[in-house]
Amino acid sequence: MASSAGDPFYVVKDELSEKVAALKNRSKTFKRLLETTNTAKDPEFKECRRAFTRELKSSEKQMRDLTLTVDLVLKDRAQFAHIDDYELDERSKYISETKEVLAEISLTLKGEEVKRKMVADERTELENRPASNLGATNSEAMENTHFIHDKQAEARMIMREQDEDLVELGQGVDRLQELSSGINQELKVQNKMLNDLDADIEEAAEKMNFVMGKLAKLLKTKDTCQIW
């Protein structure tokens, strides 16, 4: 049986388990806000949903990485002989159970119930606007108006989701820019260090040539190789 000390699988597993526990708490908060607030305009719900989405994506990525480690062991048992069958089964069991938990959490965030509530809130916002009946004067016209409001609400919700994705993408680009800037700065520092090293080597070589010349004169020879 493999030791868990220093094993990358257990390092990632511990991190993932903490994230899943945090996601469960986030899920409870999300459900409460979904049921008790107007999701179309409540800032706390919007922030919770953004954080929930971000944390879920991070956990799902870590889950894929962990699954890959087990797949590698399964494909080459000889190379990972220190991981016995029992240990491998335990790892596979953890992955299977955690995937189910993440799938349930994902439904909390992206399920049909959530979409219905968010669309309903968007429709309410539209209906509360002045002249929201679009000039309807009879039941048939009102049905058409409701249909239009439903489609507008769906479109508004999709646009909000796209805006959130763009914000997250923009934050990712900013992080990459900061990283590239840091790398560029580090390269400049290392380049300066190399230039300084070249200068030091040239200076040392000049001093060595001077010393060798003096020694050659002392030994009454100009062939410096004879000194060695």
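Let's start with S106, which counts as buried because its relative accessibility is 16%, and the cut-off for buried is under 20%. This residue sits in helix α3. If we set aside residues up to four places away in sequence, S106 touches L56, E60 and G111. Please keep in mind that we are looking at a predicted model here.

Stay with me on helix α3 for a bit. T108 is also found there. Is T108 buried or exposed? It is buried, with a relative accessible area of 14%. Leaving out the neighbours within four places in sequence, T108 is in contact with S27, F30, K31, F52 and V114. Have a look at F30 in that list: T108 and F30 are 78 residues apart in sequence, yet their C-alpha atoms are 8.2 Å apart in space.

Now go back along the helix to T98, another residue of α3. T98 is buried, and the value for its relative accessible area is 7%. Which residues does T98 touch, not counting those up to four places away in sequence? They are L16, V20 and M63.

So much for the buried side of the story; α3 has an exposed residue for us too. E104 has its place in this helix, which covers residues 85-110. With a relative accessible area of 55%, E104 is exposed, because the cut-off for exposed is over 50%. E104 also belongs to a patch of negative charge on the surface, where it gathers with D89, E90, E97 and E100. If you want to colour something on your screen, try those residues.

Let me zoom out for a moment. How many helices and strands does the protein have? There are 5 helices and 0 strands. Read along the sequence, the pattern is α-α-α-α-α. The protein has 228 residues, and buried ones make up 26% of them. Its exposed area is about 16,000 Å², and carbon and sulfur atoms supply 55% of that. For contacts with a separation of 6 or more, 69% are between residues 24 or more positions apart. The T108 and F30 pair, at 78 residues apart in sequence, is a handy thing to keep on screen while you think about separation.

Next, the salt bridges. Side chains of opposite charge can pair when their charged atoms come close. The structure holds 10 salt bridges, and I'd like to walk you through some of them.

We can begin in α3 again, where the side chains of E87 and R91 meet in a salt bridge at 2.8 Å, N to O. Why are E87 and R91 separated by about one helical turn? Because they are 4 residues apart in helix α3. Both of these residues are buried.

Then there is helix α4, residues 112-127, which holds D121 and K117. Being 4 residues apart there, D121 and K117 are separated by about one helical turn. They form a salt bridge whose closest N and O atoms are 2.6 Å apart. Here the partners fall into separate classes of accessibility: D121 counts as buried at 10%, whereas K117 is partly exposed at 23%.

The next pair takes us to helix α2, residues 43-75, where D65 and K61 both lie, 4 residues apart and about one turn of the helix. Their side chains meet in a salt bridge at 3.3 Å, N to O. What are the accessibilities in this pair? D65 is partly exposed, with a relative accessible area of 37%, and K61 is partly exposed as well, at 46%.

One last stop, and this time charge is not the topic. Which residues make the nonpolar surface patch? F210, V211, L215, L218 and L219 do, and the patch comes to about 500 Å². As for L219, it lies in the segment after α5.

To pull the thread together: in α3 we have S106 buried at 16%, T108 buried at 14% and T98 buried at 7%, while E104 in the negative patch is exposed at 55%. Thanks, everyone, and I'm happy to rotate the model while you ask your questions.

Note on methods: Residues numbered from 1 in each chain as written. Predicted model: local features only at pLDDT ≥ 70, side-chain atom pairs only at ≥ 80, totals over all residues. Heavy atoms only, no water. Patch = residues over 30% accessible without salt bridge, like charges linked within 9 Å, V, L, I, M, F, W, Y side chains within 5 Å. Areas by Shrake-Rupley, 256 points an atom, 1.4 Å probe, with all protein chains shown as cover. Salt bridge = Lys/Arg side-chain N within 4 Å of Asp/Glu carboxyl O. Lys, Arg positive; Asp, Glu negative; His and termini not counted. Charge placed at Lys NZ, Arg CZ, Asp CG, Glu CD. Helix = DSSP H or I, 4+ residues; strand = E, 2+ residues; numbered from the N terminus. Buried < 20%, exposed > 50% of the residue type's maximum accessible area, 1.4 Å probe, protein only. Contact = heavy atoms within 4.5 Å.
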